[in-house]
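Trainee: I'd like to learn how to read a structure like this one. Can you walk me through it, feature by feature?

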Protein chains: 2
Amino acid sequence: MSEPQELKNAGLKATLPRLKVLSLFESSEQRHLSAEDVYRMLLTSGEDIGLATVYRVLTQFEQAGLLVRHHFESDKAVFELNHGTHHDHIVCLQCGRVEEFYDEEIEARQKKAATERGFSIHDHSLHIYADCTKQPCPYKD
Amino acid sequence: MSEPQELKNAGLKATLPRLKVLSLFESSEQRHLSAEDVYRMLLTSGEDIGLATVYRVLTQFEQAGLLVRHHFESDKAVFELNHGTHHDHIVCLQCGRVEEFYDEEIEARQKKAATERGFSIHDHSLHIYADCTKQPCPYKD
DNA sequence: TTGAATGCAAACGATTTGCACCCAA
DNA sequence: TTGGGTGCAAATCGTTTGCATTCAA
């Protein structure tokens, strides 16, 4: 499906900033991007898009279900394409490396613990904070 | 152990603001408090303590191991007394209710997933985000 | 006495918002 | 044409920091 069509299906006008942000996520090898990341990457590739617009577009994409927002214990939010399949994250607190994983048993036990305590669980990923054991950490923050 | 003594053991001078903040956590029925919460509760009980001091004291207590800091997906950090035993949290995104739990199997599987992917895990609690199923949510935010 | 701790106000970094201008439908 | 979208700058919000003053040891 074309990107303009993806946006229309999400109920959003196919404007230039939206197309650029969407294709950035679809082409970037980094799955998790902050607003600043997106803003800087767009500037670098010669686009003239304001930071406020980036924030607005990211929020709209989140509401439309195109992106998922995470916080990862840092001050700034990161976004990733919503590929529909639920998964959790392991995040290195030193370098920011993120790996995804899924464990059926963890999901089931989470759900049970929540239900027993009067909660209805969200389809919200767990974040496990850790340190890379590789020396040195393979990414810089 | 007396509170002044607890502070000294933690390597901190027993100043009035520190004593007040510590005893607030030890006497509050709410385990999880933000800096603003602490600040307002101190003001209410007639103490004259600056917000900046509250932030400094909370950070020092965290570094000294007296408190643990969490983010709980909201914009502001909350702190709880460090009672030494590791536990995870289930947080209602509507009302902020927090319940603690511990599941051996979840811990083991987390650790395994992390190790397999080149991470050394932190003793950092998981946060499970959910909605209260009780009507209405029993706490207000 | 004296360096550490505080209070206040200014500074900060991430994010949001008001408003005049612009563009996709 | 026209209402939503955008850029810019100013405003927010939580948190931190500089500095002169105060206090615990």
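Trainee: Let's start inside the protein. Which residues line the largest cavity?

Mentor: The general idea comes before the case: rolling a probe the size of a water molecule over the atoms shows where empty space is left. Keep in mind that this is a predicted model. Here the lining of the largest cavity is made by Ser125(A), Leu126(A), His127(A), Tyr129(A), His127(B) and Tyr129(B). Two elements give two or more residues to that lining, β7 (127-132) of chain A and β7 (127-132) of chain B.

Trainee: What is the volume of the largest cavity, and how many cavities of 30 Å³ or more does the structure hold?

Mentor: The volume comes to about 40 Å³, and there is one cavity of 30 Å³ or more. By class, the lining has three nonpolar residues, three polar and no charged.

Trainee: Now the DNA. Which residues are closest to strand C?

Mentor: A good habit is to list the neighbours, then ask which part of the DNA they touch. For DNA strand C there are 20 surrounding residues, and the closest are Tyr55(A), Thr15(B), Asp48(B), Thr53(B) and Arg56(B). Notice that this list draws on both chain A and chain B. As for the DNA side, sugar or phosphate accounts for 70% of the strand C atoms within 4 Å of the protein, and bases make up the rest.

Trainee: Which atoms of strand C do the side chains of Tyr55(A), Arg18(B) and Arg56(B) approach?

Mentor: Take them one by one. Tyr55(A) has a polar side-chain atom 2.6 Å from a phosphate oxygen of DNA strand C. For Arg18(B), a polar side-chain atom sits 3.0 Å from a phosphate oxygen of that strand. With Arg56(B) the partner is a base nitrogen of DNA strand C, at 2.7 Å from a polar side-chain atom.

Trainee: Which element gives the most to that surface?

Mentor: That's α4(A), with four residues. At least two residues each come from α4 (51-64) of chain A and from α2 (16-27) and α4 (51-64) of chain B. Sorted by class, the surface near strand C has eight nonpolar, three polar and nine charged residues.

Trainee: And strand D? Which residues are closest there?

Mentor: Run through the list again. DNA strand D has 20 residues around it, the closest being Thr15(A), Arg18(A), Thr53(A), Arg56(A) and Tyr55(B). Of the strand D atoms within 4 Å of the protein, 68% are sugar or phosphate. A polar side-chain atom of Arg18(A) is 2.8 Å from a phosphate oxygen, while Asp48(A) uses a polar backbone atom, 2.8 Å from a phosphate oxygen. Arg56(A) places a side-chain N or O atom 2.7 Å from a base nitrogen of strand D. Elements giving two or more residues to this surface are α2 (16-27) and α4 of chain A, plus α4 of chain B. The most comes from α4(B), with four residues.

Trainee: Last one: where does UniProt place the feature "binding site"?

Mentor: With an annotation, check the record, then look at the residues in space. The unreviewed UniProt entry puts the "binding site" at Cys92(A), Cys95(A) and Cys132(A). They spread over 41 residues of sequence, yet cluster in space, with a largest C-alpha distance of 7.9 Å.

Trainee: Why does Cys92(A) count as buried?

Mentor: Because its relative accessibility is 1%, and buried means under 20%. Cys92(A) belongs to strand β4 (residues 88-92) of chain A.

Conventions: Residues are numbered from 1 along each chain as its sequence is written. Chains are lettered from A and ligands numbered from 1 in the order in which they are written. This is a predicted model: local features need pLDDT of at least 70, side-chain atom pairs count only at pLDDT 80 or more; totals for chains, interfaces and linings use all residues. Side-chain values use heavy atoms; hydrogens and water are left out. A residue is near a molecule or strand if one of its heavy atoms lies within 4 Å of it. A polar contact is a pair of N or O atoms within 3.5 Å; within protein, one must be able to donate a hydrogen and the other to accept it, and residues adjacent in sequence count only if both atoms are side-chain atoms. Ala, Val, Leu, Ile, Met, Phe, Trp, Tyr, Cys and Pro count as nonpolar, Asp, Glu, Lys and Arg as charged, and the others, Gly among them, as polar. On a 1 Å grid over the protein atoms alone, a cavity is a set of points where a 1.4 Å probe fits but cannot get out, and a pocket is an open set with protein on both sides within 12 Å along at least five of seven lines; lining residues have an atom within 4 Å of a point. Grid points are joined across faces, edges and corners, and a volume is the space filled by probe spheres set on the points. UniProt positions are given in the numbering used here, feature names are shortened, and annotations may be inferred rather than shown by experiment. Buried means under 20% relative accessible area, exposed over 50%, partly exposed in between (1.4 Å probe, protein chains only).
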